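Hi everyone, thanks for making time this morning. I'd like to walk you through a structure that may be new to you, so please have it open while I talk.

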Amino acid sequence: MIYILPLVSVVLGYVVALLLKPSNPKSIKLLLAFSGAFLLSITVMHLLPEVYSIEAGEHAHELHEHGGHAHNHNSPLGLFIMAGIIFQIILEYFSKGAEHGHVHGQGHEHKDHMPWLLFISLCIHALMEGMPVNHQHDLAWGIAIHHFPIAIILTAFFVNSGLNKTAILLFMMAFAVMTPLGTLISGHFDFLTQYYKEVSAIVVGILFHISSTIIFESSEGHKFNMAKLLVIILGVILAYFI
């Protein structure tokens, strides 16, 4: 299931964009706000506590080995989380914000040409997202709900930009398999298993940046929006009960 959910969500988003051709931006923004709130809540309620619990367990083990005396040091996890935020900011210079549904700059002059920088940066992002899923299964739901509206927006954007159908299909299918691939390799490479805590902290930073950006960018001129507030609250509540 942890491999299927993120993959199917992208495929569904791709199909919805091609068949239904959604054109109401308000509905898409509400869906984005819900997905951002859900993803942020999953990160805060599930992934972040797990990462720090591993850190606490290692510290307790160190205290036990040293007879209750261990060297005081600041936890490096905060640095890894900030590194994840900075890494995501760098990726967005190349993806143009596609990870949170903010794509632009692909005009008709690029017709029939794959936007390679966007493709590579988006795949790296999706691959990284999948790495903690092998241990934190609830995150698969957050990523799946996050990827569904992004897949709709990306597909519609590429269609409107005149990119050929084969390129769109290949792009979206590659995007769909990246998160399951990240989950797969994280469980089969000793290096990633050994540094699971640090890798997960980086992903926490990535998800913090993505989800908060989605929530803020779904606003209309920073005006109060009751519908948006309600879907955000719904996303938080659902994440709590996952």
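Before anything else, please keep in mind that this is a predicted model. I'll start with the overall build, then go on to the salt bridges, the spaces inside, and the surface.

So, the overall build. The protein chain has 242 residues, and 47% of them are buried. What does the secondary structure come to? Nine helices and zero strands. If you read along the sequence, you simply get α-α-α-α-α-α-α-α-α.

Let me show you one place where distant parts of the sequence come together. Please find H147, in helix α5. Is H147 buried or exposed? The relative accessible area of H147 is 1%, so this histidine counts as buried. Now look for P6. In sequence, H147 and P6 are 141 residues apart, yet their C-alpha atoms are 7.1 Å apart in space.

Next, the salt bridges. How many are there? The count comes to two. In one of them K197 pairs with E55, and the closest N and O atoms are 2.8 Å apart. Here K197 belongs to helix α8, residues 196-217, while E55 belongs to helix α2, so this pair ties together parts that lie 142 residues apart in sequence. Are these two residues buried or exposed? The cut-off for buried is under 20% relative accessible area. K197 has 8%, so K197 is buried. E55 has 12%, so E55 counts as buried too.

The other salt bridge involves K197 again, this time with E198, at 3.8 Å from N to O. E198 and K197 are both buried. Through shared partners, the salt bridges join E55, K197 and E198 into one network. If you want to see that network on your screen, show the side chains of E55, K197 and E198.

Let's stay with helix α8 for a moment and turn to the enclosed space. There is one cavity of 30 Å³ or more, and the largest cavity holds about 40 Å³ of space. Which residues line the largest cavity? They are M131, P132, H135, S186, L192, T193, Y196, V199 and S200. Helix α7, residues 190-194, and helix α8 each supply at least two residues of that lining. The most comes from α8, with three residues. What kinds of residues are these? The lining divides into five nonpolar, four polar and no charged residues.

Now to an open space, the second largest pocket. About 210 Å³ of space lies in the second largest pocket. Three elements give two or more residues to the lining: α1 (4-19), α5 (138-161) and α6 (165-186). By name, the lining residues are Y14, A17, L18, K21, A156, V159, N160, L163, K165 and I168. Seven of the lining residues are nonpolar, one is polar and two are charged.

One residue on that list deserves a second look, and that is K21. Where does K21 sit? In the loop between α1 and α2. K21 has a relative accessibility of 60%, so K21 counts as exposed. The backbone here also catches the eye: phi of K21 is near 50°, a positive value in a residue other than glycine. As background, most residues other than glycine have a negative phi.

Last stop, the surface. Which residues form the nonpolar patch? They are V44, M45, M226, L229, L230, I233, V236, I237, Y240 and F241, and together they have about 930 Å² of accessible area. Two helices, α2 (25-65) and α9 (226-241), each supply at least two residues of the patch. The most comes from α9, with eight residues. One of the patch residues is F241, which lies in helix α9. At 66% relative accessible area, F241 is exposed.

Let me close with a quick recap. We saw a chain of nine helices, a salt-bridge network of E55, K197 and E198, a cavity lined in part by α7 and α8, a pocket with α1, α5 and α6 around it, and a nonpolar surface patch to which α9 gives the most. Thanks for listening, and I'm happy to go back to any of these places with you.

How values were computed
Residues are numbered from 1 along each chain as its sequence is written. This is a predicted model: local features need pLDDT of at least 70, side-chain atom pairs count only at pLDDT 80 or more; totals for chains, interfaces and linings use all residues. Side-chain values use heavy atoms; hydrogens and water are left out. On a 1 Å grid over the protein atoms alone, a cavity is a set of points where a 1.4 Å probe fits but cannot get out, and a pocket is an open set with protein on both sides within 12 Å along at least five of seven lines; lining residues have an atom within 4 Å of a point. Grid points are joined across faces, edges and corners, and a volume is the space filled by probe spheres set on the points. Helices (H or I, at least four residues) and strands (E, at least two) are DSSP runs, numbered from the N terminus. Ala, Val, Leu, Ile, Met, Phe, Trp, Tyr, Cys and Pro count as nonpolar, Asp, Glu, Lys and Arg as charged, and the others, Gly among them, as polar. Patches are made of residues with over 30% relative accessible area and no salt bridge: like charges are joined within 9 Å, nonpolar side chains (Val, Leu, Ile, Met, Phe, Trp, Tyr) within 5 Å. Accessible areas come from the Shrake-Rupley method with a 1.4 Å probe; for residues, only the protein chains shown count as cover. A salt bridge is a side-chain nitrogen of Lys or Arg within 4 Å of a carboxyl oxygen of Asp or Glu. Buried means under 20% relative accessible area, exposed over 50%, partly exposed in between (1.4 Å probe, protein chains only).
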